[in-house]
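Hi everyone, thanks for coming. I'd like to walk you through one structure this morning, so let me put it up on the screen.

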Amino acid sequence: MSTRVAVVTGGTGTIGTEICKHLAAAGRKVVALCLPGTPDCRLDDWVAARANEGYATHALGCNVAEFDDTASVFKKIEDTIGPIDILVNAAGITRDASLRKMTPEMWHAVIHANLDSVFNTTRCVIEGMTDRNFGRIVNISSVNGQKGQFGQANYAASKAGIHGFTMSIAREAARKGVTVNTVSPGYIESPMIMAVPEEHRAKIVAEIPVGRFGQPSEIARLVAFLTADESGFITGADISINGGQHMG
Ligand code: CAA
Ligand code: NAP
């Protein structure tokens, strides 16, 4: 069997980078995607930093909120690197505001980046995966998609929507060796949570039974497990990893 190709959207981000490292360590050929033109989308620097840590990776720019750009980048990956067997959707943004202050732009930006992206990427890989009778898709949602959060109507709607998508495609693809799962992290040490005002952050950590925020590597371990060839009986699940902040 040739080395499986794994594409990670948001792959150069905080959690995405750890996911890429864990998948590379598991012997996958990893392709990280990031949003072209942003200060953090420095492809060569990111690949060089991973190489210094001992991980061989690829990185490409791709606006996964746009279908045409996604289709063209995914075709390029399949033509030049190989058929995509593993897809991890980790691209995501926040635009927090209470609903009375939320603009239509804040709503649409989050729905496009967090939810449309999952359709765009999955639509590009699903036929190949089902034709080859193997695939692993993991969609990164959030505890706030499970429970809602003050100031996050847009984000929570996008993240709850992800799991409806996961369950539907899990049913469509199950007979073809393709698993589709949601991972719902709680608050993870990252710039995304540092953007929450300190007074709110202090209240949030107080609600977490383990008494701390999570680590990006804790999410990555779970993603590596779900994408293993041996994990073929887990599909349509929404796996919480939140330090006990939300149960049930
Ligand atoms: N819970 C209850 N009441 C709240 C509140 C909260 N979290 N936040 C604000 N309020 C109250 C204020 O005390 C104020 O009350 P009064 O009018 O009685 O004084 C009122 O609501 C103010 O409402 P505003 O519309 O003015 O809200 P704001 O501008 O003060 O704050 C906010 C809005 C910036 C979104 C703030 O609520 C916030 O930062 N909340 C946290 C959002 C959050 O958790 N984001 C997570 C980002 S990380 C992430 O998303 C990763 C992941 O998946 C976990
Ligand atoms: P991050 O560091 O900001 O990473 C997000 C990544 O998404 C970045 O690489 C960003 O690219 C990319 N991205 C955003 N919009 C995109 C678009 N339109 N096209 C392509 N790429 C795009 O955030 P993170 O903390 O690692 O979060 C990763 C995922 O986990 C997100 O889906 C987030 O919602 C979810 N999550 C995070 C937490 C947390 O506490 N941090 C908790 C639960 C769930 P650029 O770098 O180029 O902008």
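Ligand 2 has 30 residues around it, and the closest are Ile15, Thr38, Tyr155, Ile188 and Ser190. Please keep in mind throughout that this is a predicted model.

Sorted by class, that shell around ligand 2 holds 17 nonpolar, 11 polar and two charged residues. Which elements supply at least two residues each to the shell around ligand 2? They are H1, helix H6, covering 153-173, and helix H7, covering 191-194.

Now for some polar atoms. Thr38 places a polar side-chain atom 2.6 Å from an oxygen atom of ligand 2. With Thr14 the backbone takes part: one of its N or O atoms lies 2.9 Å from a ligand 2 oxygen. Gly92 also comes in through the backbone, with a polar atom 3.4 Å from an oxygen of ligand 2. As for cover, ligand 2 has 900 Å² of accessible area on its own, and the protein covers 90% of this.

Let's move over to ligand 1. This one is surrounded by 19 residues, and the closest are Ser98, Lys101, Ser142, Tyr155 and Tyr187. You'll recognise Tyr155, which is also listed among the closest residues to ligand 2. A polar side-chain atom of Tyr155 sits 2.6 Å from an oxygen atom of ligand 1. Lys101 likewise has a polar side-chain atom 2.6 Å from an oxygen of ligand 1. On the nitrogen side, a ligand 1 nitrogen is 2.8 Å from an N or O atom in the side chain of Asp96. How much of ligand 1 does the protein bury? Ligand 1 exposes 1000 Å² when taken alone, and the protein buries 63% of that.

The shell of ligand 1 breaks down into eight nonpolar, eight polar and three charged residues. H7 turns up again here, and together with helix H8, residues 198-206, each gives at least two residues to this shell.

Next, the nonpolar interior. The largest nonpolar core contains 26 residues, and those with the most contacts inside it are Val7, Val31, Leu33, Ile77 and Ile137. Several elements give two or more residues to this core, including strand E1 (5-9), strand E2 (29-34), helix H3 (67-80) and helix H4 (104-132). H6 makes the largest contribution, with five residues.

If you'd like one residue to click on, try Ile77. Setting aside residues up to four places away in sequence, Ile77 touches Val5, Val7, Val31, Leu33, Leu60, Gly82 and Ile84. There is also a second, separate core of 23 residues, with Val30, Trp46, Val223 and Ala224 among them.

I'll finish with Glu18, which sits in helix H1, residues 14-25. Is Glu18 buried or exposed? Its relative accessible area is 19%, so Glu18 is buried, given that buried means under 20%. Apart from neighbours within four places in sequence, Glu18 is in contact with Pro216, Ser217 and Ala220. Its side chain also joins that of Lys21 in a polar contact of 3.2 Å. For a sense of distance, the C-alpha atoms of Glu18 and Ile162 are 21 Å apart, with their positions 144 residues apart along the chain.

That's my tour. Thanks for listening, and I'm happy to rotate the view for anyone who wants another look.

Definitions and conventions. Residues are numbered from 1 along each chain as its sequence is written. Chains are lettered from A and ligands numbered from 1 in the order in which they are written. This is a predicted model: local features need pLDDT of at least 70, side-chain atom pairs count only at pLDDT 80 or more; totals for chains, interfaces and linings use all residues. Side-chain values use heavy atoms; hydrogens and water are left out. Helices (H or I, at least four residues) and strands (E, at least two) are DSSP runs, numbered from the N terminus. Buried means under 20% relative accessible area, exposed over 50%, partly exposed in between (1.4 Å probe, protein chains only). Contact means heavy atoms within 4.5 Å. A polar contact is a pair of N or O atoms within 3.5 Å; within protein, one must be able to donate a hydrogen and the other to accept it, and residues adjacent in sequence count only if both atoms are side-chain atoms. A residue is near a molecule or strand if one of its heavy atoms lies within 4 Å of it. Accessible areas come from the Shrake-Rupley method with a 1.4 Å probe; for residues, only the protein chains shown count as cover. Ala, Val, Leu, Ile, Met, Phe, Trp, Tyr, Cys and Pro count as nonpolar, Asp, Glu, Lys and Arg as charged, and the others, Gly among them, as polar. A nonpolar core is a set of buried Ala, Val, Leu, Ile, Met, Phe, Trp, Tyr and Cys residues joined through side-chain atoms within 4.5 Å.
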